[in-house]
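Q: I should like a close look at a single part of this structure, treated in one connected account.

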Amino acid sequence: MQNADDAKATEVHFKLTQNHLVFIHNGTRHFSISNQKNELDDKQKGLLGDLNAITSIANSSKIETSIGKFGVGFKSVFQYTLTPHIYDPHIAFKIHSFIVPERLQEDYPGRKPDQTVFVFPFDHPDRPASIAFADIAEKLRTLDYPILFLPNLLSISFDILGKSGFYKKDITQPTVKDSTRQQLVTLTQHNGQSLQEEQLWMFTRKTEDGFSYSVGYFVDKDGQLMPKQHAAFCFFPTKEVTNLNFIVHAPFLLTDSREGIHTSLVRIKIINGTDFF
């Protein structure tokens with residue numbers, strides 16, 4: 001999802017079967033390739049090709065303010081697959097041995113011209129297909145505000161053996177005052193069994209380096225503020241408890257697992273000027 005958002009996608013779709021996971025997004029930024037001989041120089045200049053980045057170790061083509069700037073997001077798929085397949089409007093390839101790309105001669109059946117498709121076969125010898133299916137099915141049904149702090153993604157849909165669900169974000173009443181963006185966010189989700197809707201007022205600013213940080217105050221059906229405690233977000237939820245009665249997102253320095261926050265944090269200011277963290 002982070003790669004899709006960085007590619008300016010507004011919609012993503014997951015299709016889960018017993019043997020593989022298909023991920024589709026409509027991002028307008030497509031896969032690029034740069035000269036392998038110039039990788040070090042291209043990386044320093046922010047010109048490294050996407051294919052170069054995902055088929056190497058500790059390289060990223062993302063700029064500093066991108067969600068995926070650390071280049072570790074895609075590598076997580078190797079927990080479940082040894083041969084991810086990627087079908088882009090400009091190129092189709094699979095990866096084997098973690099970093100070796102191999103061009104594919106055929107496109108993914110039914111791929112629309114503006115779509116990028118990832119196929120992850122469950123072929124990892126240490127993670128049977130049945131385990132992979134169960135893990136991912138459970139996660140898809142219980143994602144924790146997955147698009148709330150993503151700047152581009154507005155909807156996630158999924159299909160699990162014919163049973164569908166979704167997560168949607170609608171933004172209304174946007175205003176900007178004194179460099180603070182205010183907007184009313186409506187979150188709707190359907191886990192395949194029940195429908196849930198929540199609303200919150202979101203206030204967002206940017207640091208001098210262009211990073212966004214936000215606070216969100218949940219409201220009830222009458223528009224009254226209601227306290228809600230949640231772990232801190234760095235685009236996606238961490239496991240760091242804030243003990244605040246509102247939700248917070250910032251470009252924290254994360255641990256390798258992306259679930260923890262390093263303790264040596266730069267202080268940032270909340271919207272009313274009070275320091276936190």
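With which residue does Glu198 form a salt bridge, and how far apart are the closest N and O atoms?

A: In this predicted model, Glu198 forms a salt bridge with Lys228, and the closest N and O atoms of the two are 2.4 Å apart. The pair links distant parts of the chain, its members lying 30 residues apart. Glu198 belongs to strand β10, which covers residues 195–206, whereas Lys228 sits in the loop between β11 (212–219) and β12 (231–234). Glu198 has a relative accessible area of 15% and is therefore buried, the cut-off for that class being under 20%. Lys228, at 22% relative accessibility, counts as partly exposed.

In general, side chains of opposite charge can pair when their charged atoms come close. The structure holds three salt bridges, and the other two may be set beside the pair just described. The side chains of Asp107 and Arg111 meet at 3.0 Å, N to O. Here Asp107 is partly exposed, with a relative accessible area of 40%, while Arg111 counts as buried at 16%. Asp135 and Arg127 also meet through their side chains, at 3.4 Å from N to O. Asp135 is partly exposed at 32% relative accessibility, and Arg127 is partly exposed with a relative accessible area of 23%.

A charged residue without such a partner offers a contrast. Asp159, found in strand β7, is buried yet has no salt bridge. The nearest side chain of opposite charge is that of Lys15, 5.9 Å away; a salt bridge requires the nitrogen and the carboxyl oxygen to lie within 4 Å, so this pair does not count as one. A polar atom of the Asp159 side chain does lie 3.0 Å from the backbone nitrogen of Gly162. Leaving aside neighbours within four places in sequence, Asp159 is in contact with His13, Phe14, Lys15, Leu16 and Ser164.

Several of these contacts belong to strand β1, residues 11–16, along which the side chains alternate. Val12, Phe14 and Leu16 point to one face and are buried, while Glu11, His13 and Lys15 point to the other and are not buried. β1 pairs with β7 (residues 155–160) in the parallel sense over six bridges, and Leu16 stands opposite Ile160 of β7.

As to confidence, the chain averages a pLDDT of 86, with 81% of the residues scoring at least 70. Over residues 60–71, however, the pLDDT is below 50, as it is over residues 264–277.

How values were computed: Residues are numbered from 1 along each chain as its sequence is written. This is a predicted model: local features need pLDDT of at least 70, side-chain atom pairs count only at pLDDT 80 or more; totals for chains, interfaces and linings use all residues. Side-chain values use heavy atoms; hydrogens and water are left out. Buried means under 20% relative accessible area, exposed over 50%, partly exposed in between (1.4 Å probe, protein chains only). Helices (H or I, at least four residues) and strands (E, at least two) are DSSP runs, numbered from the N terminus. Two strands pair if DSSP finds at least two bridges between them. Lys and Arg count as positive and Asp and Glu as negative; His and the chain ends are not counted. A polar contact is a pair of N or O atoms within 3.5 Å; within protein, one must be able to donate a hydrogen and the other to accept it, and residues adjacent in sequence count only if both atoms are side-chain atoms. Contact means heavy atoms within 4.5 Å. pLDDT is the predictor's confidence in each residue, from 0 to 100.
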